[in-house]
Amino acid sequence: MFERFTKDARAVVTGAVEQAERGGAQTVDAEHMLLALLDREGSRASFALAALGGGEWLESLRGALDEARRRGGLSQAEAEALAGLGIDVGEIVARVEEVHGAGALSGDVKDKGWWSGRRSFSRGAKDVLERSLRIAVARRDRHIGDEHILLALTSRPGVPAEVLADHGVTYESVTRVLYGGGEAGQAKAG
């Protein structure tokens with residue numbers, strides 16, 4: 001599959017690995033792929049993000065991703081659902097961090113010293129890559145670009161799609177920017 005990736009898409013994948021390494025994560029997650037996309041310049045995905053106002057909210061989006069990692073990867077919707085059951089995720093995070101330090105639920109292995117290996121891709125990250133392929137095939141594109149990765153991130157439930165949607169970046173809005181208004185209603189691949 002990777003032979004079909006453009007230079008920009010490959011840069012997102014390697015950037016995601018670097019993001020995971022910088023954060024001390026054992027696996028590369030979909031969130032790392034989004035962070036790597038946000039670092040790109042001069043690509044189709046960066047064009048789409050800029051057209052949707054990315055310059056104004058990039059830091060806010062990064063902050064929302066950090067907050068989700070602090071919650072152990074729970075999306076805001078999941079935290080609200082738990083609140084409906086009487087479970088205060090904020091209180092749980094505060095208590096865990098009080099005992100184990102800031103970011104204890106993030107799954108990072110900072111300062112643990114024992115991690116020295118190749119990072120594998122989580123099920124969510126693999127799903128993003130598979131969806132990017134399906135989206136490219138559905139559009140009859142010959143290659144998988146970083147724009148397909150962005151579309152895949154917006155098309156699956158989870159933290160990346162939620163924080164992107166909170167900033168006005170949805171599958172439909174990205175499709176509209178990249179391909180014009182007439183195709184925004186096209187069914188999501190996958």
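Helices in this tour are DSSP runs of H or I with at least four residues, strands are runs of E with at least two, and both are numbered from the N terminus. The model is predicted, and for that reason local features need pLDDT of at least 70 and side-chain atom pairs count only at pLDDT 80 or more, while totals for chains, interfaces and linings use all residues. Residues are numbered from 1 along each chain as its sequence is written, and side-chain values use heavy atoms, with hydrogens and water left out.

**The whole chain**

Begin with the complete protein in a cartoon view, where ten helices and two strands can be found, in the order α-β-α-α-α-α-α-β-α-α-α-α from the N terminus on. Colouring by burial (buried is under 20% relative accessible area, exposed over 50%, partly exposed in between, with a 1.4 Å probe and protein chains only) shows 46% of the 190 residues as buried. If contacts are drawn (heavy atoms within 4.5 Å), those between residues 24 or more positions apart make up 67% of the contacts with a separation of 6 or more. The surface exposed by the protein is about 9900 Å², of which carbon and sulfur atoms supply 50%; such areas come from the Shrake-Rupley method with a 1.4 Å probe, and for residues only the protein chains shown count as cover.

**Helix 8 and its surroundings**

Select helix 8 (146-155) next, which is mostly covered, since ten of its ten residues are buried. The cover over these buried residues includes helix 1 (7-23), helix 2 (30-39), helix 3, helix 7, helix 9 and helix 10.

Within helix 8, show the side chain of E147, which forms a salt bridge with R44 (a side-chain nitrogen of Lys or Arg within 4 Å of a carboxyl oxygen of Asp or Glu), the closest N and O atoms being 3.4 Å apart. This pair links distant parts of the chain, with E147 in helix 8 and R44 in helix 3, 103 residues apart. E147 is buried at a relative accessible area of 9%, whereas R44 is partly exposed at 38%.

Turn then to helix 10 (residues 171-179), whose buried residues are Y171, S173, V174, T175, L178 and Y179. These buried residues pack against helix 3 (44-51), helix 7 (123-138) and helix 8. Just after helix 10, G180 takes a positive phi of about 90°.

**Helix 7 and the loops that follow**

Select D127 and R156, a salt bridge in which the closest N and O atoms are 2.8 Å apart. D127 lies in helix 7 and R156 in the loop between helix 8 and helix 9, so the pair ties together parts that are 29 residues apart in sequence. D127 is buried, with a relative accessible area of 15%, and R156 also counts as buried, at 15% relative accessibility.

In the loop between helix 7 and helix 8, pick out R140, a residue other than glycine with a positive phi, near 60°. R140 counts as exposed, at 76% relative accessibility.

**Helix 4 against helix 9**

Display helix 4 (residues 54-70) with helix 9 (residues 159-166), which pack at an angle of about 145° with their axes 10 Å apart. The axes are lines fitted to C-alpha atoms, for helices over the stretch in contact, and the angles run from 0 to 180 degrees between N-to-C directions. At this packing, L61, A64, L65 and A68 in helix 4 meet V159, V163 and L164 in helix 9.

Helix 4 also holds the salt bridge of E59 with R62, the closest N and O atoms being 3.6 Å apart. Being three residues apart in helix 4, E59 and R62 are separated by about one helical turn, and E59 is exposed, with a relative accessible area of 62%.

**Strand 2**

Move to S120 in strand 2 (residues 120-121), a residue that counts as partly exposed at 41% relative accessibility. Leaving aside neighbours within four places in sequence, S120 is in contact with Q26, T27 and V28. S120 and D29, 91 residues apart in sequence, are 9.0 Å apart in space, C-alpha to C-alpha.

**A last stop on the surface**

Finally, select I87 in the loop between helix 5 (76-84) and helix 6 (89-100), where I87 is partly exposed at a relative accessible area of 35%.
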